[in-house]
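Please open the structure in your viewer and keep the selection panel at hand. The tour proceeds by selections, each followed by a description of what is there.

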Amino acid sequence: MKVFSPAKINIYLEVVRRRPDGYHELRTIMVPLAFGDEIAMEARPSGVSLLAPGCGCEVDRNLAYRAARLFFDRTAIRYGVSITIEKRIPVGAGLGGGSSNAASVLLAMNELFHAGLDTQVLAALAGELGADCPFFIYRRPMLLGSRGDVPICEVDLEDRAYLIVIPPFGIPTAQIFSKLRLPLTSEPGRIKIEKTSDRCIVPEHWVVNDLESVACTLYPELTVIKGELLSSGALKAGMSGSGSAVFGIFQTEAHLCSAMSRLTRHEGYSYIPTTRLTGDIYGDYRGQGFSGKG
Ligand code: C5P
């Protein structure tokens, strides 16, 4: 079975407060991209094997491996699985690569072993693996709260074209959160989207990231990239998650194409254009794995 494991961007990321458990309460709009990894999975008589060149961590710390172990631990299924990940989403980019791989493994194993776990159960399992994981079970643009793991509502986005710029370095999420200084009097829940009946948003109006100033202070290259995106014609530019990826929003694909011809390309950086945010991410894979939208 082959499954697609999409990247995401956070169009909006508001840090509401620090929580007693060490995490931070967030309000975030996450959007799945048509860009991502491919995962091949096969049932085996026993054991979990993982081949994931480019993941850069020990096998038993890899979230995809841990997802497979968790799945077998929590179901009565006594089998094994082999997982091969063709990695395109870089580690530490704020694009959710590891979290997406974990959720995709859970979704695929649910089908492969006919486990019949519903979306809620899969999302709860995913939440044990990391705060970003449940979103990749749902795989639709949505506003999330809590640690970024609890859906508040789905959103639609007006059509735009996006250019994702991935620097040659990653940023550890915990580093950015640990350096964040929150104002003593925070204004909880600045976002009002859950109160509006019209859930179709103009994405460039929502580009906010409370982690960006910390990341840009530590990695000034990010400010340079944002500036270049804006001067090439982006309506808005922002950082995804805790970085290091930065995205620019363009009115149309044509605007994005002409911006790409003007843009200064830095060595080692990847420039990934995408116009497809959702829906289509299942298209190529429907019938080969997923039967529905999560
Ligand atoms: O859940 P995950 O392992 O991806 O989170 C990595 C780290 O990022 C956490 O250990 C925590 O330091 C920080 N984090 C946070 N608040 C969140 C999500 C992540 O403080 N909502």
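The stops below take in the nonpolar cores and then the ligand, and throughout you are looking at a predicted model.

Begin by selecting Val81, Ile83, Val105, Leu106 and Met109, which are the residues with the most contacts inside the largest nonpolar core, a set of 40 residues. To see where this core comes from, colour β2 (24-44), β3 (48-51), α1 (63-74), β4 (80-86), α2 (97-112), α3 (119-129), α4 (133-138) and β5 (142-145), each of which supplies at least two of its residues. The largest share, eight residues, comes from α1.

Next, centre the view on Val105 and show its surroundings: leaving aside residues up to four places away in sequence, Val105 touches Ile39, Met41, Ala64, Ala67, Ala68 and Ile83. Apart from the largest core lies another one, of 30 residues, and to find it you can select Val15, Leu26, Val165 and Leu211, which are among its members.

Now turn to the ligand, and display the residues around it, namely Gly22, Tyr23, His24, Leu26, Gly130, Ala131, Arg147, Thr173, Ala174 and Phe177. Which atoms make polar contacts with the ligand here? On Tyr23, a side-chain N or O atom is 2.9 Å from an oxygen atom of the ligand, while on His24 a polar side-chain atom lies 2.7 Å from a ligand oxygen atom. With Arg147, show the backbone, where an N or O atom lies 3.0 Å from a nitrogen atom of the ligand. Finally, switch on the ligand surface: taken alone, the ligand exposes 450 Å², and the protein buries 71% of that area.

Technical notes
Residues numbered from 1 in each chain as written. Predicted model: local features only at pLDDT ≥ 70, side-chain atom pairs only at ≥ 80, totals over all residues. Heavy atoms only, no water. Core = buried A, V, L, I, M, F, W, Y, C linked by side-chain atoms within 4.5 Å. Buried < 20%, exposed > 50% of the residue type's maximum accessible area, 1.4 Å probe, protein only. Helix = DSSP H or I, 4+ residues; strand = E, 2+ residues; numbered from the N terminus. Contact = heavy atoms within 4.5 Å. Near = heavy atom within 4 Å. Polar contact = N/O pair within 3.5 Å; in protein donor to acceptor, adjacent residues only side chain to side chain. Areas by Shrake-Rupley, 256 points an atom, 1.4 Å probe, with all protein chains shown as cover.
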